[in-house]
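Please open the structure in your viewer and keep the selection panel at hand. The stops below say what to select and what is there.

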Amino acid sequence: MAENAQSVFLSGTPPRVFAHRGLTQAAPENTLLAFVKALATGATHLETDVQVSLDGVAVLSHDPDLTRLGRDVRIDQLTMVELKRISLGEGQGFTSLSDALEAFPDALFNIDMKSDAAAEPTARAILDQRASERVLVTSFTEPRRRHALSLLPGVVSSASSSLVAQAVAATNLGLTALVRRTLQGCVAVQVPERLGPVRIVTPRFIEMMHRVDVEVHVWTVNDPIDMIRLLDSGVDGLVTDRADLAVAAITRRT
């Protein structure tokens, strides 16, 4: 990981607790309040999603539209000012990535870019807030991930879906050198335990990832029994809607 030496994103000792969109049973997801609640439970990282507004601002939202709010409009059809006026409940509105980074200057953010158009606004927000050392940027799409990284020298990243698929296949064949090449520049794989009938997170997979100096973060884990089982198997982090339960489980385990 020498090329990412300035990053503090994976500082400290695992296990890591990634609050998935904040603490969403206590506040609307991807809002400042959800992040406050998550950090108060002891979550080590905040996981969030980025779309882009009509005026080119990186906005925190998993969905590309407002369907869940009963509105037939896309995020990219509204300006950031208009988005901030929309009530998400609990006194919260949409927030920009820049505002979130500014509001939590010491927090570690795991940022999933949800559209190609979000890459440049995401990079701009990170650079404007001088947050490069405390973020991880990622995407399911490899070109999108690479585009963002090209704008953010030194920022760490986790593997895209295509890289994970290649790494799983190479792991199953025992090809350590190929796994290392495939995941070059990635500090983590962030994966579900299973994808349909295929089990991704196996003892062999975890051992291989650690052999090539890559952490394993599993999503989305909300059952304390599963949390303990996965941590006992050697995973390094849990992406969870229940950061409170994860922190409690880790405390009991230690």
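Select Asp-99 in this predicted model. Asp-99 counts as partly exposed, because its relative accessibility is 25%, between the limits of 20% and 50%. Now add Lys-84: the two residues form a salt bridge, with 2.9 Å between the closest N and O atoms. This pair links distant parts of the chain, as Lys-84 belongs to helix α2 (residues 80-84) and Asp-99 to helix α3, 15 residues apart. Lys-84 is also partly exposed, at 44% relative accessibility.

Next, select Glu-142 and Arg-145, another salt bridge, where the closest N and O atoms are 2.9 Å apart. Both residues are in helix α5, and because they are three residues apart, about one helical turn separates them. Are they buried or exposed? Glu-142 counts as buried at 11% relative accessibility, and Arg-145 counts as buried at 2%.

Move to Arg-21 and Glu-29, whose side chains meet in a salt bridge of 3.2 Å, N to O. Arg-21 is buried, with a relative accessible area of 14%, whereas Glu-29 is partly exposed at 24%. Extend the selection to Asp-49, Asp-63, Arg-68, Asp-112 and Lys-114: together with Arg-21 and Glu-29 they are linked in a network of salt bridges. The count of salt bridges in the model comes to 18.

Now select helix α4, residues 119-128. Which of its residues are buried? They are Ala-119, Pro-121, Thr-122, Ala-123, Ala-125 and Ile-126. To see what they pack against, show the strands β2 (45-52), β3 (58-60), β4 (109-113) and β5 (135-138), then the helices α3 (97-103) and α5 (142-151). Just after α4, look at Arg-130, which takes a positive phi of about 50°.

Go on to α6 (161-172) and helix α8 (residues 203-211). Their axes come within 10 Å and cross at roughly 105°, so α6 and α8 are roughly perpendicular to each other. On the α6 side the contact is made by Ala-167, Val-168, Thr-171 and Asn-172; on the α8 side it is made by Arg-204, Phe-205, Met-208 and Met-209.

For the last stop, select Leu-173, in the loop between α6 and α7 (176-182). Leu-173 counts as exposed because its relative accessibility is 62%. Add Leu-175 and Leu-178 to the selection: with Leu-173 they make a nonpolar surface patch of about 270 Å².

Key:
Residues are numbered from 1 along each chain as its sequence is written. This is a predicted model: local features need pLDDT of at least 70, side-chain atom pairs count only at pLDDT 80 or more; totals for chains, interfaces and linings use all residues. Side-chain values use heavy atoms; hydrogens and water are left out. Patches are made of residues with over 30% relative accessible area and no salt bridge: like charges are joined within 9 Å, nonpolar side chains (Val, Leu, Ile, Met, Phe, Trp, Tyr) within 5 Å. Accessible areas come from the Shrake-Rupley method with a 1.4 Å probe; for residues, only the protein chains shown count as cover. A salt bridge is a side-chain nitrogen of Lys or Arg within 4 Å of a carboxyl oxygen of Asp or Glu. Helices (H or I, at least four residues) and strands (E, at least two) are DSSP runs, numbered from the N terminus. Buried means under 20% relative accessible area, exposed over 50%, partly exposed in between (1.4 Å probe, protein chains only). Axes are lines fitted to C-alpha atoms, for helices over the stretch in contact, and angles run from 0 to 180 degrees between N-to-C directions. Angles under 35 degrees count as roughly parallel, over 145 as roughly antiparallel, 65 to 115 as roughly perpendicular and the rest as oblique. Contact means heavy atoms within 4.5 Å.
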